[in-house]
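Welcome! Have a look at the sequence and the 3D structure below, then read on for a short guided tour.

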Amino acid sequence: MEIWLPILIACACYLTPSFLLFKKQTPDKKLTNFNALLIGIGLLAHFTILKASISFNLINLGFSNALIATSFFSILIFWLLNFNKNFNYLQPFLLIPSAFLLIIHPLFLSNHFLTTDLSLLFITHIAIALLAYSLFTFSAYLAIFILIFEKKLHQKKKIDMLLSGSQPLIEMENFLFNINKIGFLLLTITLISGILFSEQVFGTPLQFNHKTVFSILAWLIYGLILAGKKLFGWRGRNSIYIKLTAFLFLLLSYLGSKFVLEIILHR
């Protein structure tokens, strides 16, 4: 029962900015600052939920906990970046799904405690992996928004006021490329530390399973699309579809296996 209060606070703080944005689709400075304050309060409540669910002595990284941890860092990235850039148009795409995940969180809460000793190498590996997944999650929301924005442009229809307040398409695509570059670097470090130091990090030798295969596939696709953008100027809808495919592989590598094992098979 105690966890429901911060859940309700976080959901209210996440949903209100989206509601206000739909109501007043050309937000002024006061509204932007008010929304930033609400999201900041929501992040504090979200962190309280994380702390209660995951714990920091014996870490519980079950399926639902992994989901709300990723959504927390994705919103934190958005909140910090939005102070310098106009990302208000991303609020409904990012905040509404996160509120939904928090509401269903207690229903899917499961115990999956990590038995590995919490060494500095292990904590660093988990932190970098979470940050990489969160960056790619944020970039996936941005990619979906760009697809919607581009479709409106190609249809030559009147662009919604909410979309018209966004950044130019080329600027959004360049920013998406930079976010993916940082995420790719962090994912590379995660894979290298997991492959070369598996026994030191996890206490077991490297296991070549579906999680490893999907992670490597995601890494290869992200690397390919980044190289294509840098060398040949790849951009547009097809480029974004490839990025979303890489993100899907990344989801399957970790959350997919957790969902099957914990929610479906109850292991």
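## How far to trust the model

Let us begin with a stretch that calls for caution: over residues 262-266 the pLDDT stays under 50, and the model has 12 contacts there beyond four places in sequence. Where pLDDT is low, the predicted coordinates should not be read in detail. Keep in mind that this whole structure is a predicted model.

What is the mean pLDDT of the protein chain? The value is 80, and 76% of the residues reach 70 or more. Confidence also varies among the elements of the chain: helix α4 (residues 91-104) has the highest mean pLDDT, at 90, while helix α6 (residues 161-164) has the lowest, at 56.

## Two helices side by side

Now find helix α3, which covers residues 63-81, and look at how it packs with α4: the two axes are 10 Å apart and meet at an angle of about 150°. Angles over 145 degrees count as roughly antiparallel, so α3 is roughly antiparallel to α4. Their crossing is left-handed.

Which residues make this contact? On the α3 side they are L67, I68, S71, S74, I75 and F78. On the α4 side, the partners are Q91, L94, L95, S98, L101 and L102.

## A buried leucine

Next, look for L142 in helix α5, which spans residues 120-155. Is L142 buried or exposed? With a relative accessibility of 0%, L142 counts as buried, because the cut-off for buried is under 20%.

Leaving aside residues up to four places away in sequence, L142 touches Y89, L90, M172, F175 and L176. Another residue to find is F87: it is 55 residues from L142 in sequence, yet their C-alpha atoms are 9.3 Å apart in space.

## Cysteines without a bond

A disulfide is a covalent bond between the sulfur atoms of two cysteines. How many disulfides does a search of the whole structure find? The search finds zero.

Why is C11 not bonded to C13? The closest cysteine sulfur to that of C11 belongs to C13, and at 9.5 Å it is too far for a bond; a disulfide would need the two sulfur atoms within 2.5 Å. Likewise, C13 is in no disulfide, its nearest cysteine sulfur being that of C11.

Both cysteines are tucked away from the surface by the numbers: C11 is buried, with a relative accessible area of 6%, and C13 is buried too, with 8%.

How values were computed: Residues are numbered from 1 along each chain as its sequence is written. This is a predicted model: local features need pLDDT of at least 70, side-chain atom pairs count only at pLDDT 80 or more; totals for chains, interfaces and linings use all residues. Side-chain values use heavy atoms; hydrogens and water are left out. pLDDT is the predictor's confidence in each residue, from 0 to 100. Helices (H or I, at least four residues) and strands (E, at least two) are DSSP runs, numbered from the N terminus. Contact means heavy atoms within 4.5 Å. Buried means under 20% relative accessible area, exposed over 50%, partly exposed in between (1.4 Å probe, protein chains only). Axes are lines fitted to C-alpha atoms, for helices over the stretch in contact, and angles run from 0 to 180 degrees between N-to-C directions. Angles under 35 degrees count as roughly parallel, over 145 as roughly antiparallel, 65 to 115 as roughly perpendicular and the rest as oblique. A crossing is left-handed if the near helix is turned anticlockwise from the far one by less than a right angle, and right-handed if clockwise.
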